[in-house]
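Let us go through this protein step by step, beginning with how far the prediction can be trusted and then turning to its surface and its cysteines.

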Amino acid sequence: MMCSILCCVTAYKVEVLRLNSIDNLTTSMSAYWLFPQFILLGILEGLVRDGLCEFFYSQVDESMKHYESSLNDCVMGIGKFLSVICVVTFKGYFGDSVNESRLDKYYIKLAALSCGNLLFYVLVACIYSWKESTPQIVRDIEAGDAEFAIVLTSTSSEITNKTRNNLYKRWRSLEGDRDDMANKKLPRRSSTFFL
């Protein structure tokens, strides 16, 4: 989102510089002036795709994981559709040629919209409740000893305490089973009969 704001501000500055060069009848600008904003656009698109994938995989159930690329393409498509709506909404800034257009005003409006989007994101991020990951119990059984290792991805102390209590109870029951097996004499195998 910061790249989006920087990209719009950069495009605004370049457009203001271009319009001033036309008004002052100075030398023409090179196409390389567009390079910084297109670099920022490339970074923006790469970050958006990776961010959507990370968010999707961390917050969506296992049964929905195979829809990741379709939903990401859908979100990107909605963004492109909204950009078309922005162009239609601000069509007064577009003239018959680039020199007759006021793209500087259009870019500064996009920068303001991007700032509003960032503020909305911060508000939603503060309100949003992240999906609690369920604790995974890893069981290592080596040479008759049962050891439990717990991997907690939750920050909730209530879940942590419940999981520890459940693990302790399970461990005690397994330890009791092991002691019972050690105390009981296993029946001897019957001797082999030869005919």
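Over residues 133-155 the pLDDT (the predictor's confidence in each residue, from 0 to 100) stays under 50, and for this stretch the model has 41 contacts beyond four places in sequence, a contact meaning heavy atoms within 4.5 Å. Residues 185-195 also stay under 50, but there the model has 0 contacts beyond four places in sequence. This is a predicted model, in which local features need pLDDT of at least 70 and side-chain atom pairs count only at pLDDT 80 or more, while totals for chains, interfaces and linings use all residues. Residues are numbered from 1 along each chain as its sequence is written, and side-chain values use heavy atoms, with hydrogens and water left out. The protein averages a pLDDT of 75, and 65% of the residues score at least 70.

Now consider the cysteines. A disulfide is a covalent bond between the sulfur atoms of two cysteines. Here a disulfide is counted when a pair of cysteine sulfur atoms lies within 2.5 Å, and by this rule the count comes to 0. For Cys3, the closest cysteine sulfur is that of Cys7, at 8.4 Å, which is too far for a bond. The sulfur of Cys115 has its closest cysteine sulfur in Cys8, 8.7 Å away, again too far for a bond. Cys3 is buried, with a relative accessible area of 16%, whereas Cys115 is partly exposed, at 33%; buried means under 20% relative accessible area, exposed over 50%, and partly exposed in between (1.4 Å probe, protein chains only).
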